[in-house]
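Below are some comments on the model you sent, set out as numbered points. They deal with the backbone in a few loops and with the surroundings of the ligand.

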Amino acid sequence: MIVLGIDTSCDDTSCAVVKDGRQALSNIVSSQTSLHSKYGGVVPEIASRRHLEVLIPVSHEALAQAGVTIKDIDAVAVTNGPGLLGSLLVGVCYAKSLAYAAGIPLIDVHHLAGHIYANFLGEKVPEFPLLNLVVSGGHSELIFMESHGRFSVIAETRDDAAGEVFDKVAREIGLGFPGGPYLDKLAETGDPHSIPFPLPKIRGSKYDYSFSGIKTRALLEFESGGKAERLKPDLAASFRKAVVDQLLHAVEELLINTGARSFAISGGVAANTLLRRESRKLAEELNIPLFAPPKALCTDNGAMIAAAGYYKYKVTDCCSPEGPWLNPLAGLEMQSWGEDMQ
Ligand code: KG4
Ligand code: ZN
């Protein structure tokens with residue numbers, strides 16, 4: 001089964017052609033970084049206008065690079081949320097039109113399910129039960145799966161997402177945009193033990209996350225040091241360690257208690273060098289296989305949406321219940337497949 005996957009949830013326009021949920025025949029990502037960098041963040045209106053300009057050419061390129069035409073496509077999978085509403089709208093409208101015109105199913109995919117299924121692209125796939133750490137610019141969640149499409153959210157952030165604080169701290173200390181990869185690189189040159197960051201205590205949950213305190217502490221430290229250039233490497237290293245320590249603080253306990261047979265990290269922040277290193281170490285200690293997508297599949301891409309769409313189609317035996325009336329939802333909740341169709 002060949003699926004065309006489309007993601008326009010934020011500021012990347014991406015289309016990919018994926019065979020049987022595993023083999024990416026193409027994966028085209030048109031980045032808008034240069035358009036947003038001067039504003040220090042994604043400008044929603046600019047993002048949606050750009051999606052509108054490039055989505056059709058990007059989809060044509062994805063088909064051409066895969067060596068197929070629309071006649072070879074069996075289904076279209078599209079992110080219908082969560083994300084920026086205007087951006088999502090462009091992708092969903094296009095996917096609906098394409099599926100309708102080609103007479104093929106339209107599969108709606110939750111963006112985080114997409115990130116999780118990036119780990120199913122390739123030869124070796126995770127075994128269930130599976131514990132996922134999904135960390136992006138908008139989300140930081142631990143999601144447990146007993147089987148395909150059965151998602152149960154164990155932990156989430158109470159305030160900022162991990163990627164968001166990477167970006168904000170990077171911006172305040174004068175690094176590039178988006179800041180996560182720049183801060184990651186700088187952190188490799190600093191001492192992670194130079195500034196202590198206590199692990200936040202979260203009332204009512206021992207698993208949930210909170211990153212805004214870490215962000216504020218990092219910014220105050222920079223200010224009190226007179227914003228000196230020489231502070232930056234140690235600050236970046238200590239801050240990155242604080243974020244990663246928190247992301248992984250409950251993972252060992254959860255892997256043991258849930259009987260998970262695989263551990264997977266995904267989302268843009270899963271490209272982080274320290275998070276990858278520490279996750280690998282933890283998985284090795286527990287003798288559980290770690291799945292982490294190649295860096296290009298950590299950040300937003302159409303291949304992960306096509307992979308999730310393929311499995312959703314197999315599991316539910318159907319496509320979007322709303323068919324041509326499917327609407328994007330900026331705050332779309334994560335539900336298990338099948339439950340969102342009743
Ligand atoms: O998944 P993604 O492409 O978009 C969302 O769904 O949000 O994630 C983008 C986020 C940005 O905040 C970016 O700074 C962060 O992922 N990111 C990183 C790294 N590479 C990307 N954060 C930390 N270290 C990295 N190496
Ligand atoms: Zn994402």
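1. Lys227 is found in the loop that runs between α7 (212-224) and α8 (232-248). Although Lys227 is not a glycine, its phi is positive, at about 55 degrees. Please keep in mind, here and in the points that follow, that this is a predicted model.

2. A second residue of this kind is Asn287, whose phi is near 60 degrees, again a positive value in a residue other than glycine. Asn287 belongs to the loop between α10 (273-286) and β10 (290-291).

3. Two peptide bonds that lead into prolines deserve a look as well. The bond from Gly81 to Pro82 is cis, with omega near -10 degrees, and Pro82 itself is placed in the loop between β4 (75-81) and α3 (85-102). Phe128 and Pro129 are likewise joined by a cis peptide bond, for which omega is about -5 degrees; Pro129 sits in the loop between α4 and β6 (130-135).

4. Turning to the ligand, where in the protein does the space taken by ligand 1 rank among the pockets? That space is the largest pocket. The elements that contribute two or more residues to the shell around ligand 1 are α4 (111-117), α5 (162-172) and α6 (179-187).

5. The shell around ligand 1 is shared between two domains, since at least three residues come from domain 1 (2-118 + 296-325) and at least three from domain 2 (127-291). Sorted by class, this shell holds six nonpolar, ten polar and three charged residues.

6. Which of the 19 residues around ligand 1 come nearest? They are Gly137, Asp167, Asp184, Asn272 and Asp300. Two of these residues also appear in the polar contacts listed in the next point, namely Asp184 and Asn272.

7. The polar contacts involve both side chains and backbone. A nitrogen atom of ligand 1 lies 3.0 Å from an N or O atom in the side chain of Asp184, and a nitrogen atom of ligand 1 is 2.9 Å from an N or O atom in the side chain of Asn272. At Gly180 the partner belongs to the backbone, where a polar atom is 3.2 Å from an oxygen atom of ligand 1. Of the 550 Å² of accessible area that ligand 1 has on its own, the protein covers 89%.

Key:
Residues are numbered from 1 along each chain as its sequence is written. Chains are lettered from A and ligands numbered from 1 in the order in which they are written. This is a predicted model: local features need pLDDT of at least 70, side-chain atom pairs count only at pLDDT 80 or more; totals for chains, interfaces and linings use all residues. Side-chain values use heavy atoms; hydrogens and water are left out. A residue is near a molecule or strand if one of its heavy atoms lies within 4 Å of it. A polar contact is a pair of N or O atoms within 3.5 Å; within protein, one must be able to donate a hydrogen and the other to accept it, and residues adjacent in sequence count only if both atoms are side-chain atoms. Accessible areas come from the Shrake-Rupley method with a 1.4 Å probe; for residues, only the protein chains shown count as cover. On a 1 Å grid over the protein atoms alone, a cavity is a set of points where a 1.4 Å probe fits but cannot get out, and a pocket is an open set with protein on both sides within 12 Å along at least five of seven lines; lining residues have an atom within 4 Å of a point. A molecule sits in a cavity or pocket if more than half of its atoms lie within 2 Å of its grid points. Helices (H or I, at least four residues) and strands (E, at least two) are DSSP runs, numbered from the N terminus. Ala, Val, Leu, Ile, Met, Phe, Trp, Tyr, Cys and Pro count as nonpolar, Asp, Glu, Lys and Arg as charged, and the others, Gly among them, as polar. Domain bounds come from an automatic or database domain assignment.
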